[in-house]
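Got the model open in your viewer? Let's take a walk through it, one selection at a time.

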Amino acid sequence: MNDLILHHYPSSPFSEKIRLILGHKKLPWKSVLVPAIAPKPDAVALTGGYRRTPFLQVGADVYCDTTLICDVLEHVRPDPTLYPPHLKGVCRIFAQWADTSLFWAAMGYNLQPRGAAQVFAKAPPDMAKAFAEDRKAMSTNMARLRPGDATSAYRSYLRRIANMAEEHDFLFGVEPCVADFAAYHGIWYTRTQVPVLADILNATPAVAEWANRVEAIGHGAMTKLTSADAIALAAAAEPQPPGSNLLIDSAFQDDHGIPLGARVTITPESFGPEATEGELIAATRTHYSLRRQDARAGTVHVHFPRIGYVLRAAG
Ligand SMILES: N[C@@H](CCC(=O)N[C@@H](CS)C(=O)NCC(=O)O)C(=O)O
């Protein structure tokens with residue numbers, strides 16, 4: 001198998017989710033740093049438009065969204081599992097809540113003016129403004145919580161997580177599962193990127209103790225790669241046909257009246273209106289795959305989960 005190449009940046013919470021899962025599964029990985037704000041020409045050469053962070057590259061296959069990346073990593077190394085059989089439905093449903101409701105409450109709290117001041121304290125003066133404008137442009141298709149409402153929700157969610165962490169070392173038992181990694185990353189941002197606001201955790205010591213256990217998992221063995229080298233690796237590789245890539249299924253499920261072979265676009269349902277366009281080569285019960293050509297990366301297959309993404313006929 002080609003190397004696992006994670007395109008990410010250090011302060012990205014969703015990237016932290018995947019870095020820890022790579023560490024948990026003891027999978028060695030290559031690290032390519034992407035800019036935190038657009039434009040991201042090297043990332044888009046691989047994804048075809050998708051600009052969110054992180055994404056995973058394996059040769060000329062590009063896997064977008066951490067829920068799909070979790071499935072890929074589970075396929076590559078099933079043990080230790082992210083989805084214990086007795087928690088199969090509930091751990092994914094919990095993770096979906098954590099990646100959305102909990103994440104946005106945490107970030108609404110984290111990036112209130114006092115937090116943003118800490119994040120950008122050492123950055124060039126126009127960086128905070130550029131970041132705010134970039135994220136505003138990404139948020140056109142969603143409602144964002146205001147700091148007061150985000151704080152109220154975050155406090156309640158922390159108490160609920162504490163209820164779970166008081167019972168056992170990890171949220172659903174003695175071992176971590178996908179729920180722990182999904183619940184952790186917004187809280188990680190509070191602890192590491194905006195410590196000036198971390199006193200919100202004082203009311204729930206069980207959350208801090210659980211977070212210490214998740215943090216101790218670490219990121220595993222990482223080596224650095226440039227984005228130019230990652231693109232060259234894609235150009236030199238053949239994308240894998242549906243059924244023999246790192247996804248579990250390939251049977252066609254048509255919910256849109258769009259046949260395989262059609263030109264389509266795929267866009268996040270919310271946060272990030274940029275579309276990826278290509279030929280639909282798979283639409284399974286779990287994911288979509290597009291084939292696209294890029295001047296630098298060559299023929300690339302780009303994969304998205306079904307949940308959270310909008311499929312449309314192009315044009
Ligand atoms: N549902 C996506 C969410 C990814 C996401 O929102 N990532 C943030 C960074 S943590 C992002 O893309 N921010 C804008 C950017 O990095 O360009 C996933 O699970 O991968």
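Start with the rings: select F14, F103, W104 and F271, which ring pairs link into a cluster. Keep in mind as you look around that this is a predicted model. In total, the count of aromatic pairs comes to 13. One of them is Y50 with F304, an edge-to-face pair whose centres are 5.6 Å apart and whose planes make an angle of 75°. Show the backbone around this pair too: Y50 is in the loop between α2 (41–47) and β3 (55–58), while F304 belongs to strand β9 (residues 298–305), so you are looking at a link between distant parts of the chain, 254 residues apart. Buried or exposed, what is Y50? Y50 is buried, at a relative accessible area of 3%, and F304 is buried too, at 0%.

Stay with rings for one more stop. Select R92 and Y83: the charged end of R92 sits over the ring of Y83, 3.8 Å from the ring centre.

Now zoom out and switch to cartoon. You should be able to count ten helices and ten strands. The protein is as compact as a globular protein of 315 residues, because its radius of gyration of 19 Å is close to the 20 Å that the globule rule gives. Along the principal axes, the C-alpha trace spans about 55 × 50 × 40 Å. Turn on a surface and you have about 14000 Å² exposed, with carbon and sulfur atoms supplying 56% of it. Of the 315 residues, 52% are buried. As for contacts with a separation of 6 or more, 71% of them are between residues 24 or more positions apart.

Next, go inside. Select L56, Y63, L73, Y154 and W210: in the largest nonpolar core, which has 64 residues, these touch the most other members. Colour the elements that give two or more residues to this core, among them α1 (13–24), α3 (66–76), α7 (147–165) and α9 (205–215). Which element gives the largest share? That is α4, with eleven residues.

Y63 deserves a selection of its own. Leaving aside residues up to four places away in sequence, the residues Y63 touches include F55, L56, V72, L246 and H303. F55 also takes you to another stop: a second, separate core of 25 residues, which includes F55, L280, V302 and F304. You have met F304 already, as the edge-to-face partner of Y50.

Last, check some backbone oddities. Most residues other than glycine have a negative phi, and most peptide bonds are trans. Here are some exceptions to click on:

- A38 and P39 are joined by a cis peptide bond, with omega about 0°; look for P39 in the loop between β2 (29–33) and α2.
- D79 to P80 is a cis peptide bond as well, with omega near 0°, and P80 is in the loop between α3 and α4.
- K26 is not a glycine, yet its phi is positive, at about 55°. You will find K26 in the loop between α1 and β2, where it counts as exposed at 66% relative accessibility.
- D65 also has a positive phi, near 85°. D65 is in the loop between β4 (61–64) and α3, and this residue is buried, with a relative accessible area of 14%.

Technical notes
Residues numbered from 1 in each chain as written. Predicted model: local features only at pLDDT ≥ 70, side-chain atom pairs only at ≥ 80, totals over all residues. Heavy atoms only, no water. Phe/Tyr/Trp six-rings, centres within 6.5 Å; stacked < 30°, edge-to-face > 60°. Helix = DSSP H or I, 4+ residues; strand = E, 2+ residues; numbered from the N terminus. Buried < 20%, exposed > 50% of the residue type's maximum accessible area, 1.4 Å probe, protein only. Lys NZ or Arg CZ within 6 Å of the ring centre and 35° of its normal. Rg over C-alpha atoms; globule rule 2.2 N^0.38 Å. Contact = heavy atoms within 4.5 Å. Areas by Shrake-Rupley, 256 points an atom, 1.4 Å probe, with all protein chains shown as cover. Core = buried A, V, L, I, M, F, W, Y, C linked by side-chain atoms within 4.5 Å.
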